[in-house]
Amino acid sequence: MYKIGYIAKQLNVSTDTLRYYERQGLLQACVRSPAGYRLYDDSALEQMRFIVRAKAVGFSLKDIQELLTIKIDKHNHSCEEVKSLTLQKLAQTRQRIEELLKFERSLSVLAERCCGGEESADDCSILTALEDVDGSA
């Protein structure tokens, strides 16, 4: 049995993160010690590793809950379900990348138009552009 601090160190996450996952219903401590410490067994450690890996590749906690449901009851679910969830996450990721690229282009234009000098910001082109709500400037 492992204490939460040991598990957190093994997974390189904070104990608060693990407690949060527990509150969200993604995992459970197996038992509590007489002193009230959460204690986890090897299967709980493996489940936490799964959660951390899924989070690292971009799955939300809701997605992870769904993946865990499938993982626990694999014979009643299909690989198609897992792939569908993964493809949805991929589409969302690509959309977010497009949004970020748009932000990058806009910020680059703003930065290029600004002299960046030490003079007063009264005529700063970035501030002017951001104040121009209707795009008339």
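Helices and strands here are DSSP runs, numbered from the N terminus, with at least four residues for a helix and at least two for a strand. The model is a predicted one. With that naming in hand, Asn12 is easy to place: Asn12 sits in the loop between H1 and H2. Asn12 comes right after H1, and its phi is near 60°, a positive value in a residue other than glycine. Asn12 has a relative accessible area of 73%, so this loop residue is exposed.

Just before that loop comes helix H1, which spans residues 4–11 and has Ile4, Ile7, Ala8 and Leu11 as its buried residues. Looking down the axis of H1, these buried residues fall within an arc of 100°, so they line one face of the helix. What lies over them? The cover on the buried residues of H1 includes two strands, E1 (2–3) and E3 (38–40), along with two helices, H2 (15–23) and H3 (42–56).

Of those neighbours, H3 can be looked at a bit further. The axes of H1 and H3 come within 11 Å and cross at roughly 40°. An angle under 35 degrees would count as roughly parallel, and H1 and H3 are therefore oblique to each other. Their crossing is right-handed. On the H1 side, Ile7, Gln10 and Leu11 do the touching, and they meet Leu45, Met48, Arg49 and Val52 in H3. Sorted by class, this contact of H1 with H3 has five nonpolar residues, one polar and one charged. Ile7 and Leu11, then, turn up twice: they are among the buried residues of H1, and they also belong to its contact with H3.

H3 also packs against helix H4, which covers residues 61–72; the angle is about 135° and the axes are 10 Å apart. That angle makes H3 oblique to H4, since roughly antiparallel would take an angle over 145 degrees. As for handedness, H3 passes H4 in a right-handed crossing. From H3, the contact draws on Gln47, Phe50, Ile51, Ala54 and Lys55, while H4 brings Leu61, Ile64, Leu67, Leu68 and Lys71. By class, the contact of H3 with H4 has seven nonpolar residues, one polar and two charged.

Further along the chain, helix H5 runs over residues 79–113, and Glu104 is one of its residues. Glu104 has 47% relative accessibility, so it counts as partly exposed; the cut-off for exposed is over 50%. The C-alpha atoms of Glu104 and Lys83 are separated by 31 Å, with the two residues 21 apart along the chain.

Leu110 lies in helix H5 too. Is Leu110 buried or exposed? Its relative accessibility is 18%, so Leu110 counts as buried, given that buried means under 20%. Which residues does Leu110 touch, leaving aside those up to four places away in sequence? They are Ile126, Ala129 and Leu130. For one of these partners a spacing can be given as well: Leu110 and Ile126 are 16 residues apart in sequence, and their C-alpha atoms are 5.6 Å apart in space.

How values were computed. Residues are numbered from 1 along each chain as its sequence is written. This is a predicted model: local features need pLDDT of at least 70, side-chain atom pairs count only at pLDDT 80 or more; totals for chains, interfaces and linings use all residues. Side-chain values use heavy atoms; hydrogens and water are left out. Buried means under 20% relative accessible area, exposed over 50%, partly exposed in between (1.4 Å probe, protein chains only). The arc is that of the directions from the helix axis to the C-beta atoms. Contact means heavy atoms within 4.5 Å. Axes are lines fitted to C-alpha atoms, for helices over the stretch in contact, and angles run from 0 to 180 degrees between N-to-C directions. Angles under 35 degrees count as roughly parallel, over 145 as roughly antiparallel, 65 to 115 as roughly perpendicular and the rest as oblique. A crossing is left-handed if the near helix is turned anticlockwise from the far one by less than a right angle, and right-handed if clockwise. Ala, Val, Leu, Ile, Met, Phe, Trp, Tyr, Cys and Pro count as nonpolar, Asp, Glu, Lys and Arg as charged, and the others, Gly among them, as polar.
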